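Please look over the sequence and the model shown below. The paragraphs after them go through the structure one part at a time.

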Amino acid sequence: MVALFKNVYLFSTLFFLVLFTDILMKLNSEMLIYRFVSKSLVTILLLGYYLVNNKEQFKIKRIFIICALLFFLAGDVFLILHTQTVCFVIGTLCFIFGKVFYIFRFSNKRDFNLYKLFPLLAFCFIYLVGFLILIYKNLDSYFFLILLYLFAAMTTIAFAYLRKGDVNLISYNWVLIGVIFSVLSDNITGFRLFYDNDFAYHSITIMLFYGLFQYFVVLGIVKETNFSFVKKKFYTKFQIGRK
């Protein structure tokens, strides 16, 4: 089993096989009960891949990813029954916490350049307001819950963007691509629930984009090389060599 997780090609084949199986089960309402297994396996596989392959320099970063995936796993289970108010609220809160832990993992100690960050913040603000305007009249008692979720989603984008220059390019790109897929999944989910019940082949696209979100984020984190850590390590060796 460990060998399966060590080989990214074998793991990816298994992951997408499970993901597409879950999507097929989602399309068949009679197989809803089996989604508690198939949907959970999507996240469980990613958690296993991360635990086997991560090379985190700091234990706290590993804890952040594990907590994020566990909250997403719990959210996946509750949101299968999203038509029940309690399950929808708990599932959404789990997703919020999952995104928060991703934010913690993406963060770094470098000072923000607000001038360079301004275009992204402006985009996030316009997106947030525009999206809320479209779905506002149907939110009812979910307004503050959805507002909190959208804020967490936008903050996740910002911190994924701020990794630029601190990590290697492949890790940066994969995580950013993953977060973009997350936004697409969230958009379609929001429109499907609060705007148009048949929006954009939602039965397929929501789970497909969500699976791609988690896949690219986890593989991006596994491939991460922290430049500040490498530079510090090199500088220490250089100083020792000079003595």
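## A walk through the model

Helix 8 contributes more to the lining of the second largest cavity than any other element, with 4 residues. This is a predicted model, and the cavity in question holds about 40 Å³ of space. Its lining consists of Lys99, Ala153, Thr156, Ile157, Val179, Ser182, Val183, Asp186 and Phe213. At least two of the lining residues come from helix 7, and at least two from helix 8. Sorted by character, the lining of the second largest cavity has 5 nonpolar, 2 polar and 2 charged residues.

It helps to step back to the whole chain. The chain has 10 helices and 0 strands, and its pattern along the sequence is α-α-α-α-α-α-α-α-α-α. Of its 243 residues, 47% are buried. Contacts between residues at least 6 apart in sequence can be sorted by separation, and 74% of them join residues at least 24 apart. The chain has an accessible surface of about 13600 Å², and carbon and sulfur atoms account for 71% of that surface.

How many cavities of 30 Å³ or more does the structure hold? There are 2 of them. The largest cavity has a volume of about 70 Å³. Around the largest cavity stand Lys61, Arg105, Phe106, Ser107, Asn108, Arg163, Asp166, Val167, Glu224 and Asn226. In this lining 5 residues are charged, 3 are polar and 2 are nonpolar.

Asn226, one of the residues lining the largest cavity, sits in the loop between helix 9 and helix 10, the latter spanning 227-242. Is Asn226 buried or exposed? Asn226 has a relative accessible area of 12%, so it is buried, the limit for that class being under 20%. Setting aside residues up to four places away in sequence, Asn226 touches Gln57, Lys61 and Asp166. Two of these partners, Lys61 and Asp166, also belong to the lining of the largest cavity. Asn226 and Asp166 are 60 residues apart along the chain, and their C-alpha atoms are separated by 5.9 Å.

The structure also has pockets, which are open, unlike cavities. The largest pocket contains about 780 Å³ of space. Its lining is made up of 37 residues, and those nearest the centre of the pocket are Lys26, Leu79, His82, Thr189 and Ile206. Which helices supply at least two residues each to this lining? They are helix 2 (8-27), helix 3 (35-53), helix 4 (59-79), helix 5 (85-106), helix 6 (114-135), helix 7 (143-161), helix 8 (169-194) and helix 9 (202-222). Helix 8 provides the largest share, 8 residues. The lining of the largest pocket divides into 19 nonpolar, 11 polar and 7 charged residues.

Some single residues add detail to this picture. Ser40 belongs to helix 3. Its relative accessibility is 10%, and Ser40 therefore counts as buried. Beyond its neighbours within four places in sequence, Ser40 is in contact with Arg35, Leu73 and Val77.

Leu121 lies in helix 6. With a relative accessible area of 40%, Leu121 is partly exposed, since that class runs between the limits of 20% and 50%. Leu121 and Ala158 are separated by 37 residues in sequence, while their C-alpha atoms are 7.5 Å apart in space.

Two cysteines can be taken together. Cys87 has a relative accessibility of 11% and so counts as buried. Cys124, at 7% relative accessibility, also counts as buried. The structure has 0 disulfides.

The last stop is a loop residue. Asp140 lies in the loop between helix 6 and helix 7. At 65% relative accessibility, Asp140 counts as exposed, because the limit for that class is over 50%. Asp140 is not a glycine, yet it has a positive phi of about 55°. Most residues other than glycine have a negative phi.

Technical notes:
Residues are numbered from 1 along each chain as its sequence is written. This is a predicted model: local features need pLDDT of at least 70, side-chain atom pairs count only at pLDDT 80 or more; totals for chains, interfaces and linings use all residues. Side-chain values use heavy atoms; hydrogens and water are left out. On a 1 Å grid over the protein atoms alone, a cavity is a set of points where a 1.4 Å probe fits but cannot get out, and a pocket is an open set with protein on both sides within 12 Å along at least five of seven lines; lining residues have an atom within 4 Å of a point. Grid points are joined across faces, edges and corners, and a volume is the space filled by probe spheres set on the points. Ala, Val, Leu, Ile, Met, Phe, Trp, Tyr, Cys and Pro count as nonpolar, Asp, Glu, Lys and Arg as charged, and the others, Gly among them, as polar. Buried means under 20% relative accessible area, exposed over 50%, partly exposed in between (1.4 Å probe, protein chains only). Contact means heavy atoms within 4.5 Å. Accessible areas come from the Shrake-Rupley method with a 1.4 Å probe; for residues, only the protein chains shown count as cover. A disulfide is a pair of cysteine sulfur atoms within 2.5 Å.
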